[in-house]
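Please walk me through this structure. Start with how its strands are joined, then turn to the helices.

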Amino acid sequence: AFCRCLRYTERNRTFVLIGGILMENRRCKTCCFSGYRIEKMPFPADDSSAVQGLEYALDHAVREAAAWGYTRFLSGMSTGFDLWAAEAVLRARESLPIQLLCAVPYDQQADHYPPDWKNRFNRCLLAADQGYALSRRYYTGCFAARNRFMVSASSLLICYFDGQPGGTEQTLRMAERDGLATINLANRLVF
């Protein structure tokens with residue numbers, strides 16, 4: 001099985017092995033994000049009113065999740081939705097006791113990003129409370145492994161899914177199979 005639970009009885013704390021990484025089981029307080037890369041979003045990256053609308057929706061969703069008791073927010077760090085979500089967590093962290101966690105599928109993920117997105121990636125990663133590098137190198141399936149890692153560590157998914165096939169759709173299906181609660185911002189926004 002992908003996720004095995006180990007119990008340390010002397011401290012009555014549960015740890016889980018997720019993708020080879022041993023983590024304290026804080027799934028009930030962890031929220032992950034999934035959404036389209038910038039080229040698949042229903043608006044161009046330079047449409048400032050659409051970007052601001054999505055950022056506002058992300059800010060609201062993060063605060064809503066924090067009000068429900070979520071304190072850990074896990075971003076996959078791809079361009080577009082993932083990085084906008086990470087930035088929303090950093091904005092909320094200024095006034096809320098929450099953490100940004102970054103799940104990077106492989107070490108050189110941002111090497112081919114456009115400069116603006118690479119800068120955003122680096123700012124978020126440096127400001128993160130914790131980061132997980134899941135592989136040293138790219139391999140076929142590393143993004144799916146990153147998505148599985150995030151779903152396995154979470155009990156809430158905040159996403160942007162409007163029906164386009166791909167990784168976001170697969171992540172949403174994984175989350176539904178695993179019983180995660182879901183907030184789909186595509187149902188709240190019109191562009």
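Two strands count as paired if DSSP finds at least two bridges between them. By that rule β4 and β5 are partners in this predicted model. Strand β4 covers residues 30-34, and the two strands run in the parallel sense over 3 bridges. Two facing positions help to place them. Cys31 stands opposite Phe73 in β5. Cys32 stands opposite Leu74 in β5.

Now step back to the whole chain. The protein has 5 helices and 9 strands. Read from the N terminus, the elements run β-β-β-β-α-β-α-β-α-β-α-β-α-β. Of the 191 residues, 47% are buried. Take the contacts between residues at least 6 apart in sequence: 77% of them join residues at least 24 apart.

The pair β4 and β5 belongs to an open sheet of 6 strands. The order across this sheet is β7-β6-β5-β4-β8-β9, and the pairing is parallel. At the edges are β7 (130-133) and β9 (181-184), each of which pairs on one side only. Neighbouring strands are turned against each other by 20° on average, direction ignored.

How many residues of β4 are buried? The count is 5 of the 5, so β4 is largely enclosed by the rest of the structure. In a regular strand the side chains alternate between the two faces of the sheet. In β4, both faces are covered. Thr30, Cys32 and Ser34 are buried on one side. Cys31 and Phe33 are buried on the other.

Helices lie against this sheet. Helix α1 (residues 48-67) lies across β4, β5, β8 (156-159) and β9. Helix α1 runs at about 170° to β8. Helix α5 (residues 167-177) also packs on the sheet, where it touches β4, β8 and β9. The direction of α5 makes about 155° with that of β8.

Helix α1 also meets another helix, α2. Their axes come within 9 Å and cross at roughly 55°. Why is α1 called oblique to α2? An angle counts as oblique if it falls outside the ranges for roughly parallel (under 35 degrees), roughly antiparallel (over 145) and roughly perpendicular (65 to 115). The crossing angle of roughly 55° therefore makes α1 oblique to α2. The crossing is right-handed.

Which residues make this contact? From α1 come Val51, Leu54, Glu55, Leu58, Asp59, Val62 and Arg63. From α2 come Phe81, Trp84, Ala85, Glu87, Ala88, Val89, Arg91 and Ala92. These residues divide into 10 nonpolar, no polar and 5 charged.

Just where does Thr79 sit? Thr79 is in the loop between β5 (72-75) and α2 (81-93). Is this residue buried or exposed? Buried means under 20% relative accessible area. Thr79 has 6%, so it is buried. Leaving aside neighbours within four places in sequence, Thr79 is in contact with Tyr36, Arg37, Ile38, Glu39, Tyr113 and Trp117.

One more helix completes the tour. Helix α4 spans residues 142-152, and 8 of its 11 residues are buried, so α4 is largely enclosed by the rest of the structure. Which residues of α4 are buried? They are Cys142, Arg146, Asn147, Arg148, Phe149, Met150, Val151 and Ser152.

Notes:
Residues are numbered from 1 along each chain as its sequence is written. This is a predicted model: local features need pLDDT of at least 70, side-chain atom pairs count only at pLDDT 80 or more; totals for chains, interfaces and linings use all residues. Side-chain values use heavy atoms; hydrogens and water are left out. Helices (H or I, at least four residues) and strands (E, at least two) are DSSP runs, numbered from the N terminus. Buried means under 20% relative accessible area, exposed over 50%, partly exposed in between (1.4 Å probe, protein chains only). Contact means heavy atoms within 4.5 Å. Axes are lines fitted to C-alpha atoms, for helices over the stretch in contact, and angles run from 0 to 180 degrees between N-to-C directions. A crossing is left-handed if the near helix is turned anticlockwise from the far one by less than a right angle, and right-handed if clockwise. Ala, Val, Leu, Ile, Met, Phe, Trp, Tyr, Cys and Pro count as nonpolar, Asp, Glu, Lys and Arg as charged, and the others, Gly among them, as polar.
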